[in-house]
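Please study the sequence and the three-dimensional structure shown below before reading on. The paragraphs after it are best followed with the structure in view.

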Amino acid sequence: MEVDVVGTLRAAFPDLENDALEKLSGLVRCTTYPPDTLICKEGAYEYVFYLIVRGTVAITKHFDSQNERVLRHSTAGDFFGEMALIQDEPRSANVRTIDDTTVLEFDREVFEHLMASSPNLAWRMVRTTFDRLRSNDQAALSDLRDALQTLQRLDRAKLDFIEIAAHELRTPLTVIQGYADVLRSDTRIQADSNLRTVIDGVVNGTARLHDVMNRMLDISKIDTETLQVSRVPVLLQSVFTELKHDFQDALAERNLTLLIKQIGEIPFMEADPNLVYKIFYHLLINAIKYTPDGGTITITCWVTEVEGMGRAVAVVVEDTGIGIDQRHQKAIFEKFYQIGEVALHSSGKTSFKGGGPGLGLALVKGAVEAHGGMVWVESRGCDEETLPGSAFKVLLPLRIPDNMSGES
Ligand code: ADP
């Protein structure tokens with residue numbers, strides 16, 4: 001097919017005089033590409049500007065390694081390829097022919113000469129480029145909004161599932177636990193040490209399942225903001241004493257030392273004793289799990305003044321364990337987040353690197369924040385040889401702020 005190069009150039013650049021158009025027609029290449037030809041490749045350094053004479057191209061962009069999004073289609077009279085030239089950057093999108101497509105191709109010098117020859121034209125080109133960038137931005141934002149909504153829906157579905165599963169499983173579990181207790185107290189089983197071990201295993205197993213389910217229910221309450229925080233006077237020291245007592249067997253078994261250091265007086269604080277117990281229970285059980293036998297766990301607390309929080313209790317739970325890599329230090333507070341391969345974890349509740357459902361720290365964060373406090377971790381990294389340890393730092397206001405949901 002005969003191509004009217006000058007006519008095409010005139011239609012695209014009406015500001016140019018005839019002489020300029022004639023001259024330009026001698027500097028451009030006219031090429032026809034068959035369907036499905038990749039004319040521009042995203043990321044490639046290639047500086048050619050294209051004006052479509054006939055045919056259609058699709059302009060697409062990858063939004064991940066597998067998926068490509070169509071930004072727009074361009075047809076006769078449209079141009080493409082200008083962004084890389086104006087910005088002096090690699091191609092920001094792919095351009096692929098849909099059918100037989102004829103284009104006029106301008107090399108960099110020709111394009112720059114064209115821009116220099118008419119300020120109007122240069123302005124038009126810049127405006128078009130900005131319009132395209134803006135509409136690409138809007139398309140990306142709308143994709144992000146859709147992705148966010150999908151994630152929120154999935155998160156909601158996950159929470160609903162957790163809640164239903166925990167409720168449904170709790171009833172039969174309570175039945176099993178009841179029967180196991182009956183069996184354990186039966187004199188015939190009492191008399192048989194093998195059977196006693198078996199029943200003890202069932203009782204301990206169901207108790208752990210109960211524990212996991214309660215944690216799942218707590219998490220769904222935190223996420224749906226239905227967690228009720230009672231406001232009663234709590235003495236932190238007695239929470240730590242209770243924890244020390246509850247963990248004494250595990251500490252002895254693992255040859256771990258637990259030190260509790262109080263700096264100055266700690267008055268009664270307004271808090272939910274149940275939640276405060278859970279916060280330090282999970283921090284302590286993690287310190288036990290991630291510290292090799294023979295290590296030390298230190299809980300230090302004092303009263304301090306915190307900007308925006310007022311008088312608060314600061315508590316640091318520090319261990320001499322394997323530590324936590326910088327890149328995981330924020331994410332470990334998300335629910336179900338675990339470092340390393342879950343299948344490689346050992347199974348004991350307090351054994352070294354014992355597995356868990358990845359809910360402990362999410363609960364800690366939810367419970368601390370429900371009190372108007374904050375929690376974070378500091379560690380020089382994870383190393384099983386040098387054992388840099390971790391320090392979990394908690395700030396709890398002495399009085400729960402009035403705007404926190406809860407019971408008075
Ligand atoms: P889990 O149920 O797996 O213990 P958590 O939410 O309590 O879940 O902890 C999340 C992850 O954070 C753990 O899998 C562990 O890798 C890491 N972690 C938590 N506490 C410590 C600690 N004291 N030392 C080293 N790693 C820790």
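The following paragraphs treat the sheets, the cysteines, one helical residue, and the empty spaces in turn. The model is a predicted one.

We begin with the sheets. One open sheet is built from 5 strands in the order β10-β12-β13-β15-β14, and its pairing is mixed. Which strands stand at the edges of this sheet? They are β10, covering residues 257-263, and β14, covering residues 374-379. Each of these has a single partner strand, so one side of each is left without a neighbour in the sheet. From one strand to the next, the twist averages 20°. The partner of β14 can be examined more closely: β14 and β15 (residues 390-397) run antiparallel and are joined by 6 bridges. Within this pairing, Glu378 has Ala391 of β15 as its bridge partner.

Another open sheet has 4 strands, in the order β1-β8-β3-β6, with antiparallel pairing. Here β1 (29-33) and β6 (79-80) occupy the edges; each has a single partner strand, so one side of each lacks a neighbour in the sheet. The strand β3, residues 48-54, is joined to β6 by 2 bridges, and the two run antiparallel. A reader who wishes to locate this pairing may look for Leu51, which stands opposite Phe79 in β6.

The cysteines come next. How many disulfides does a search of the whole structure find? The search finds 0. Two cysteines illustrate this result. The sulfur of Cys30 has its closest cysteine sulfur in Cys40, at 16 Å, which is too far for a bond because a disulfide requires the two sulfur atoms to lie within 2.5 Å. Cys40 likewise takes part in no disulfide, the nearest cysteine sulfur being that of Cys30, 16 Å away. The surroundings of these residues can also be described. Cys30 has a relative accessible area of 40% and is therefore partly exposed, since that class lies between 20% and 50%. Cys40 has a relative accessible area of 1% and is therefore buried, a class that lies under 20%.

The same scale may be applied to a residue in a helix. Thr150 lies in helix α5. Is Thr150 buried, partly exposed or exposed? Its relative accessibility is 34%, so Thr150 counts as partly exposed. Thr150 and Asp88 are 62 residues apart along the chain, and their C-alpha atoms are separated by 37 Å.

We turn finally to empty space. Rolling a probe the size of a water molecule over the atoms shows where such space is left. The structure holds 2 cavities of 30 Å³ or more. The largest cavity has a volume of about 170 Å³. Its lining consists of 15 residues, and those nearest its centre are Ile59, Gly81, Met83, Ser92 and Ala93. Which elements each supply at least two residues of this lining? They are β5 (68-74), α3 (82-87) and α5 (119-185). The largest share, 3 residues, comes from α3. Sorted by class, the lining of the largest cavity has 8 nonpolar, 3 polar and 4 charged residues.

The second largest cavity has a volume of about 40 Å³. Its lining is made up of Ala12, Phe13, Phe79, Leu121, Arg124, Met125 and Thr128. Phe79 has been met before, as the residue of β6 opposite Leu51. The helix α5 gives the most to this lining, with 4 residues. By class, the lining of the second largest cavity comprises 5 nonpolar, 1 polar and 1 charged residues.

The pockets form the last topic, and one of them is described here. The second largest pocket contains about 630 Å³ of space. It is lined by 23 residues, among which Ile222, Asp223, Lys365, Gly366 and Glu369 lie nearest its centre. At least two lining residues come from each of α5, α7 (193-223), α11 (360-370) and β14. The helix α11 provides the largest share, 5 residues. The lining of this pocket divides into 11 nonpolar, 3 polar and 9 charged residues. Two elements described earlier thus return at this pocket: α5, the helix that holds Thr150, and β14, an edge strand of the sheet of 5 strands.

Note on methods
Residues numbered from 1 in each chain as written. Predicted model: local features only at pLDDT ≥ 70, side-chain atom pairs only at ≥ 80, totals over all residues. Heavy atoms only, no water. 1 Å grid on protein atoms, 1.4 Å probe; cavity = no way out; pocket = protein on both sides within 12 Å on 5 of 7 lines; lining within 4 Å. Points joined across faces, edges and corners; volume = space filled by probe spheres on them. Nonpolar A, V, L, I, M, F, W, Y, C, P; charged D, E, K, R; others polar. Pairing = 2+ DSSP bridges. Axes fitted to C-alpha atoms, helices over the stretch in contact; angles between N-to-C directions. Buried < 20%, exposed > 50% of the residue type's maximum accessible area, 1.4 Å probe, protein only.
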